[in-house]
Every structure is written in structure tokens, then in C-alpha cells.
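Hi,

Here is the structure I promised to pass on. Have a look at it first, and my notes follow underneath.

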Amino acid sequence: MKYTKILSLAALSTLGVAQAQNAPYWQQHVDYKMDIDMNVKNYQYTGKQELTYTNNSPDTLKVVFYHVFLNAFQPGSEMDARLQTILDPDRRMVNKKEVDGKTINESRIASLKPEEIGYVRVNSLSQDGTPVKYITEGTIVKVDLNKPLPPHSSTVLKMDFSGQAPVMIRRTGRNNPDGVALSMTQWYPKLAEYDYRGWNTTEYITREFYGVWGNYDVKITIDKDYIIGGSGYLQNNNEIGFGYEDAGVKVPKVKGNKRTWHFYAPQVHDFAWAADPKFVHDKLDAGNGLTVHFLYKNYPENWKKIQPEMIKTFDFYNKYVGKYPWKQYSFLQGGDGGMEYAMCTLIEGEKEYSSLLGTAVHELGHSWFQHLLASDETAYPWLDEGFTSYIQDRALAMLGAKEPFSGFYKSYGKYVASKYEETPTHQSDRFNTNYAYSVTSYSKGALFLRQLEYIIGEKNVEKTLQLYFKKFAFKHPQPHDFIRCAEKVSGMQLQWYLNEFMQTPHHVDYAVDKVAAKGNKTEITLRRVERMPLPTDVFVVDKNNKTHYYYIPLRMQFGEKENPYSYERKVLPTWGWAHPTYTFEVDMPFENIQKVVIDPNHVTTDINIENNTFQK
């Protein structure tokens with residue numbers, strides 16, 4: 001009987017997994033209406049929010065959650081605590097201080113005064129006209145619904161809230177280092193995402209975001225001298241001003257000392273804006289109905305110089321990944337470094353042109369990897385940052401600005417050699433160091449695609465990105481969704497690659513172990529030193545400098561890439577993972593061989609290229 005019960009439980013468990021895997025895809029939807037009144041003297045604002053939430057899940061929801069991100073910028077918050085305990089805090093978020101002859105990093109949040117902190121406070125909240133109970137814990141608001149929300153139904157949540165833009169610490173706030181008055185990102189009560197894993201109630205500590213798709217109808221009332229740029233299309237058509245009229249829209253009339261800006265952003269999962277009375281506003285026609293805006297205060301020569309380059313980059317991304325669907329995009333000077341948002345980015349105005357160009361190209365890339373392919377950045381930061389970094393380097397190479405991927409190989413190599421490497425599967429805030437998070441998300445994430453070129457071919461990676469975009473734009477794809485696209489394009493089995501490179505701490509290290517005479521032939525033995533398997537490109541150079549190319553497919557991939565080289569290729573039998581060595585013969589005497597080399601172009605992430613070559 002005991003064995004029978006165990007088998008029954010196992011069968012039920014298997015059935016549950018099968019049902020989950022075969023369940024149709026669904027995602028939630030939310031429509032926002034918000035009316036904001038900003039006081040530019042004390043940086044406080046009041047807001048009304050009407051939120052229509054549609055439950056497309058198969059579950060009945062009894063609670064909902066909101067993010068109130070600005071609460072992180074308060075002494076004693078989890079973000080503050082993390083700054084005081086992490087080994088390598090973000091230098092922008094700390095002040096260096098001498099204590100007992102030692103230099104320590106002091107959290108800038110810890111010393112904020114009440115008028116300098118950030119906050120979003122829910123003052124009242126109702127569901128379909130009836131007040132509901134709610135509690136705020138740090139940067140999360142939990143709401144107990146009066147009426148459970150059944151599958152495939154909607155409810156209206158109305159809220160009065162107030163907020164204060166903090167002194168700029170990271171990404172958001174007032175009077176940033178560039179002197180921009182307001183960088184309003186993550187500034188409103190934002191409904192948390194609910195997906196097949198349940199609610200995303202991640203406390204805002206430093207990292208990335210995950211949001212619900214929907215439409216944003218936002219009115220911002222602010223001092224009449226302020227110019228706003230951000231997400232969405234300007235809707236007011238009352239009077240001409242600030243150059244917006246050439247883009248087919250007109251700036252609103254002044255009411256007293258203020259004016260109201262009305263924006264509408266369709267099918268996005270966030271809304272951000274920046275404002276300053278001295279913004280310079282340029283715009284370019286990028287063709288196909290797309291207008292690109294630039295709002296900035298300083299370094300005008302750099303901001304002018306990048307404008308045609310951004311049009312080229314738009315065209316490159318449209319062709320390389322897929323077509324940008326909105327009719328507007330804005331580059332806003334308003335951040336520390338750069339951060340992507342819906343239909344816009346806030347970036348720092350750099351003194352060095354190359355730095356501004358690199359940041360702008362990268363942040364624009366996020367419009368594809370995050371704001372169209374909206375993966376969960378908190379769980380899989382590499383799927384966004386890494387893929388964006390990959391296409392960024394492709395775009396910069398197109399612009400003639402840099403050699404692609406070299407920086408990623410260098411940073412990854414140093415990381416592996418350090419004592420700080422961690423398994424990539426951490427939630428983004430759970431890495432022990434910022435260094436580990438950064439290299440894993442950006443460098444290793446970019447190299448995931450670069451090394452995939454070695455497995456399935458460069459053209460197939462490009463086709464995979466295009467299929468991924470076609471199937472999952474305006475959705476929340478997971479890592480397995482991408483790798484399935486790669487399998488469909490290449491015809492190979494590739495789950496092993498996703499597992500080995502992004503779900504384990506395994507490394508690549510292949511060596512030429514032995515080259516020896518065998519009669520009139522030569523026997524070559526290769527060794528897989530580390531645990532991660534790959535197919536293998538081997539070049540044998542004879543004494544006449546003629547190159548002979550041998551390709552060893554990995555058995556578990558069940559396929560082979562097209563020949564990427566101009567040399568004739570000989571495909572050898574497959575190499576099974578459990579075999580640490582692989583021996584094959586070449587039809588030439590040992591004395592005729594000059595060199596044997598694995599992966600001569602160093603496409604893989606091999607951590608020890610010194611053992612890749614045998615040379616007489």
C-alpha cells in the first residue's frame with residue numbers, strides 16, 4: 001500500500017506538470033488613468049489614479065499588490081540596509097567617509113532628511129466604488145479585495161495618493177548631477193504583475209522591474225515654464241509652443257501659473273517622464289512615421305552629434321530584430337548613467353561623446369529587449385541586459401565605433417578568475433556583489449548569444465532573434481521560450497546549452513591533449529578539461545601553411561552548423577559529454593603538421609586558451 005500511494009502521488013505530480021506545460025499562454029492587462037499635480041518648489045505631488053484591471057488568468061484573485069518604489073529612498077529601507085552591507089555598493093549611492101583611519105562607504109539614503117526622501121503614500125483606495133483594506137510594507141502595498149476577481153473579468157480600483165521626488169540617489173528624483181529638475185521614474189503606485197508563478201512582490205532594493213501590459217492615460221499639471229518629455233504621445237492641441245507643433249502636437253494652455261500636459265501611451269508596461277524649464281528640444285523624422293525627440297540641457301555638441309547615429313541605430317534594430325511599433329521615442333537627459341522606460345530613456349549627459357553614444361545605443365536596444373520582449377528582469381536579468389548588450393555591440397560595430405564583444409570576453413575572463421563568481425540563477429538582488437550581478441547579466445548574457453553563434457551559426461542566431469520577436473513581442477517570454485526559437489531555427493536540440501551556461505557555474509575549457517604519429521597518419525586527442533560541453537572547431541595547419549578544418553558536433557545537439565569558414569570542412573563523428581577525451585586521425589604524417597588549434601577565432605568562452613594550441 002505504501003508503494004501504491006507513493007506511485008499515485010508521483011503520477012499526480014507528473015499530471016500537474018503536464019497540465020501546466022500544456023496550458024495556453026495568458027497575461028494580465030491594466031489600463032491607467034492618472035491625474036498628477038506637481039509642486040516644483042517642494043517636489044511633492046498629489047495624484048488620482050483610476051485603474052481598470054483585467055484578470056486573464058485561470059485563477060480567482062482575492063488580493064492584488066502594488067509597487068511603491070520611491071519608498072526605497074528612505075533611511076532604514078531595505079535599499080538603505082543593502083547599501084550598508086553589500087561588499088561593493090554602487091558608488092553613486094554612497095559617500096566615502098574616513099572612520100578610524102579607514103575609508104568606509106556610507107549610504108546616501110541613510111542621511112536623507114524628511115524633505116529629501118522619496119515616498120508614495122496611498123491615501124484612499126476603493127474597488128468598484130467600495131473602500132478596501134490595504135497595508136503598505138516597504139515598497140509593496142497589499143490590497144484585500146472586497147469582491148474576488150474571477151477569471152476573465154475586470155474591476156476598477158480608484159486611488160488618491162501623494163508622493164515626493166527624492167534627492168537623486170539612483171535613477172529617479174530631483175536635481176540630478178546634470179542639473180535636470182525632475183527625473184520621474186517609478187514614481188506612481190504600479191500594479192504588480194501576476195503570472196503563472198503567482199504575484200511578483202519583489203521589494204525594490206536596486207535592480208530591475210517587471211510590469212503589466214496596458215494603456216496609460218496621464219495628465220501632469222506643473223509650473224508653466226517646465227518642459228516635459230517621456231512616455232506616450234502628447235494629446236493637448238490648445239496652443240503652439242516648445243517645438244512640439246512640428247511633430248503634429250501642440251503644448252497645452254497656461255492655467256494660472258501652471259499648465260497640464262496630457263500623454264497617452266498605448267500597450268506599454270511603464271510610464272516615465274522628465275521635466276526642466278531649460279530643456280532644449282530637438283526632433284528628427286526617422287521615416288515610416290517615427291519621430292525621435294531629444295531633450296537635454298548641457299553638452300549640446302554631443303547631443304547634436306548622436307542624433308543621426310540614433311536614426312541609423314533605429315534602422316539597424318528594426319532590421320536585425322523586428323520593427324519598433326510605436327510612432328515616437330525620446331532620449332531624455334535625466335538619469336545617472338542610463339535606464340530604459342516605455343517609449344523613452346533617461347540618460348546622463350556625458351562629457352565624452354563615445355560614452356553618450358554607447359549609452360544611447362544600449363538604452364535604445366532595451367525598447368526591443370524589455371519594452372517589447374518584456375521578460376522578468378528580476379528573475380532573468382541576463383535575458384534583457386545581456387541580449388541588449390549583444391545587439392548594442394552589433395550596432396556600435398555598424399556605426400564603426402568599436403570591435404564587438406571584446407570587452408565582454410575580458411570582463412567575463414576576469415570574473416571567472418576572481419573569487420566572486422556565482423551561479424547565474426539568482427534573483428537579481430540576491431547576488432552577493434554588484435560585480436557578480438553586472439558581469440553575469442551584461443557580459444555573460446551577451447556572450448550567451450555570441451557563443452550560440454559558435455553552436456548554430458551567426459545567421460541562425462539573427463534568425464532566432466527575429467523569430468523570438470515575432471512570437472513574443474508584447475508578451476513576457478522566459479528563457480526556455482528563446483531557446484525553443486533557436487531549436488526551431490537551427491533544427492538542433494539546445495536545452496543543454498541553456499542549462500549549462502546560464503543555470504550552472506560550469507565553464508568551457510577544451511585542450512589539445514596529444515598529437516602523435518600513427519604510421520603515415522597523425523592521431524590527435526582533445527580533452528574537455530572543464531564541465532561545460534560544446535561542439536568543437538579544430539584547425540590543423542600543415543607545413544605548407546594550408547589549413548584543414550575538422551568539425552566535431554556535440555552528440556546531444558543532434559545536428560551541425562553550416563560551415564562558417566572559407567576552408568573545406570570534414571565533419572567527424574559526434575562527441576558524447578560523458579567522454580572527457582576525443583581522439584581522431586588526420587590523413588597526413590606527423591612531420592607535416594605545423595599546428596593544431598581549437599576555436600582559432602576565440603568565439604567560445606574558453607577560460608584557458610593557452611591549452612587550445614599544439615605547435616611545433
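Starting with the cysteines: C344 has 0% relative accessibility, so it counts as buried, the cut-off being under 20%. C485 comes out at 1% relative accessibility and therefore counts as buried too. As for disulfides, the structure holds zero of them. Do keep in mind that this is a predicted model.

Next, a sheet you may want to find on screen. It is an open sheet of four strands, with antiparallel pairing and the order β11-β12-β21-β17. The edges are taken by β11 (173–174) and β17 (227–230); each has a single partner strand, so one side of each is left without a neighbour in the sheet. Further in, β12 (residues 182–184) and β21 (residues 273–276) run antiparallel and are joined by three bridges. If you want a spot to zoom in on there, L182 stands opposite A275 in β21.

The other residue I looked at is T221, which sits in strand β16 (residues 214–223). Is T221 buried or exposed? Its relative accessibility is 14%, so T221 counts as buried. What does its side chain touch by way of a polar contact? That would be the side chain of T260, at 2.6 Å. T260 also turns up in the contact list for T221, which leaves aside neighbours within four places in sequence. That list has D35, I36, D37 and M38 on it, along with K258, R259 and T260.

That's what I have for now.

Cheers

How values were computed. Residues numbered from 1 in each chain as written. Predicted model: local features only at pLDDT ≥ 70, side-chain atom pairs only at ≥ 80, totals over all residues. Heavy atoms only, no water. Pairing = 2+ DSSP bridges. Helix = DSSP H or I, 4+ residues; strand = E, 2+ residues; numbered from the N terminus. Disulfide = S-S within 2.5 Å. Buried < 20%, exposed > 50% of the residue type's maximum accessible area, 1.4 Å probe, protein only. Polar contact = N/O pair within 3.5 Å; in protein donor to acceptor, adjacent residues only side chain to side chain. Contact = heavy atoms within 4.5 Å.
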